[in-house]
Amino acid sequence: MPWTIMEVWGGQTHAIVRFGIDELLPDAITLVHGPGCPVCVTAVELVDAAIDLAAQPGVIFTSFGDMLRVPGTDRDLFSVKASGGDVRPVYSPMDALAIARANPSREVVFFAVGFETTAPANATAIHQAHSEGIANFSVLVSHVLVPPAIEVVLSSPDNRVQAFLAAGHVCTIMGTRKYDAIASEYRVPIVVTGFEPVDILQGVLMCVSQLEAGKSEVENQYARSVRPEGNLPAQEIMARVFRVVPRKWRGIGEIPNSGLALTPKYEDLDAVHRFGLEPTG
């Protein structure tokens, strides 16, 4: 019978389209593209806040490069940079921290975007800045969490998705156990995959095998990187620096318990509070 499978992350979608995986599969298998990447789902309110900060005199605004073209209401970060704003792409939050150390008379803001994957590195930079007392460094937090988004899809009355390909890099951090309750409650197979074509094809096969057998389990195709318990030190620094909050997803709306914000200990590094911005999504 026909089966509909959703890949959760944009990197999986990229591999599927780039290598023509969707065209190789039989007509009975439909791949549905999931929420995408964390850059894609960043709420327009947060992008607008980033643009406002980047345009302020004396601010050095740092961000991963893929955020620069994401549109806000009227413009994007790249246009702010083109207009003279000091917007600097960085490869790591530690690069942003180094910029803050080198420019003590300037306010340096880092756009902390990502799924659970980038949260540990961002949390480490925030903890380091707090420990060193770097007073000119702050973060605009836009982290989103994957399991609540999967639950929103499954709880929709119009849902047609029967299985999921979960993102291996997210599960490398968080492990697979958080998906057990979802698979059990909604009776759907969830298969964690890597991002090579063979990873995704094997993940599709594992999903279909479960569906044909009437099973609904969490399976780990990406065992070379993912463990059931995940990366415990990474989870520890996340829990120390961040707390779980509701978060708006672009194109979806607010999802309960799907975002991260700073815990009270680190709120002095929150750019929203420091610059007196309106609360963001």
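At 53% relative accessibility, Arg224 counts as exposed, since the cut-off for that class is over 50%. This is a predicted model. Arg224 is a useful place to begin a report on its salt bridges and one of its pockets.

**Arg224 and Asp199**

Arg224 forms a salt bridge with Asp199. The closest N and O atoms of this pair are 2.7 Å apart. Arg224 lies in the loop between β9 (218-220) and α11, while Asp199 sits in helix α10 (residues 197-213), so the salt bridge ties together parts that are 25 residues apart in sequence. The partners contrast in exposure. Asp199 is buried, because its relative accessible area of 2% falls under 20%. Leaving aside residues up to four places away in sequence, Asp199 touches Thr193, Gly194, Gln221 and Arg224.

**The Asp86 network**

Side chains of opposite charge can pair when their charged atoms come close. Asp86 forms a salt bridge with Arg88 and another with Arg106. Through these shared partners, Asp86, Arg88 and Arg106 join into one network. Arg106 lies in the loop between α5 (93-102) and β5 (107-114), and Asp86 lies in strand β4 (residues 86-89), so their salt bridge links parts that are 20 residues apart in sequence. Arg88 is partly exposed, with a relative accessible area of 28%. Arg106 is also partly exposed, at 24% relative accessibility.

The model has eight salt bridges by the rule applied here. Among them are these:

| Salt bridge | Closest N and O atoms |
|---|---|
| Arg88 with Asp86 | 2.8 Å apart |
| Arg106 with Asp86 | 2.9 Å apart |
| Arg224 with Asp199 | 2.7 Å apart |

**The second largest pocket**

Now to the pocket. The second largest pocket has a volume of about 270 Å³. It is lined by 16 residues. Closest to its centre are Glu116, Leu145, Met174, Lys178 and Val244. Four elements each supply at least two residues of the lining: helices α7 (146-155) and α11 (232-241), and strands β10 (242-249) and β11 (253-262).

What classes of residue make up this lining? Ten are nonpolar, two are polar and four are charged.

**In brief**

Arg224 is exposed, whereas its partner Asp199 is buried. Asp86 pairs with Arg88 and with Arg106. The lining of the second largest pocket includes ten nonpolar residues.

Definitions and conventions:
Residues are numbered from 1 along each chain as its sequence is written. This is a predicted model: local features need pLDDT of at least 70, side-chain atom pairs count only at pLDDT 80 or more; totals for chains, interfaces and linings use all residues. Side-chain values use heavy atoms; hydrogens and water are left out. On a 1 Å grid over the protein atoms alone, a cavity is a set of points where a 1.4 Å probe fits but cannot get out, and a pocket is an open set with protein on both sides within 12 Å along at least five of seven lines; lining residues have an atom within 4 Å of a point. Grid points are joined across faces, edges and corners, and a volume is the space filled by probe spheres set on the points. Ala, Val, Leu, Ile, Met, Phe, Trp, Tyr, Cys and Pro count as nonpolar, Asp, Glu, Lys and Arg as charged, and the others, Gly among them, as polar. A salt bridge is a side-chain nitrogen of Lys or Arg within 4 Å of a carboxyl oxygen of Asp or Glu. Buried means under 20% relative accessible area, exposed over 50%, partly exposed in between (1.4 Å probe, protein chains only). Contact means heavy atoms within 4.5 Å.
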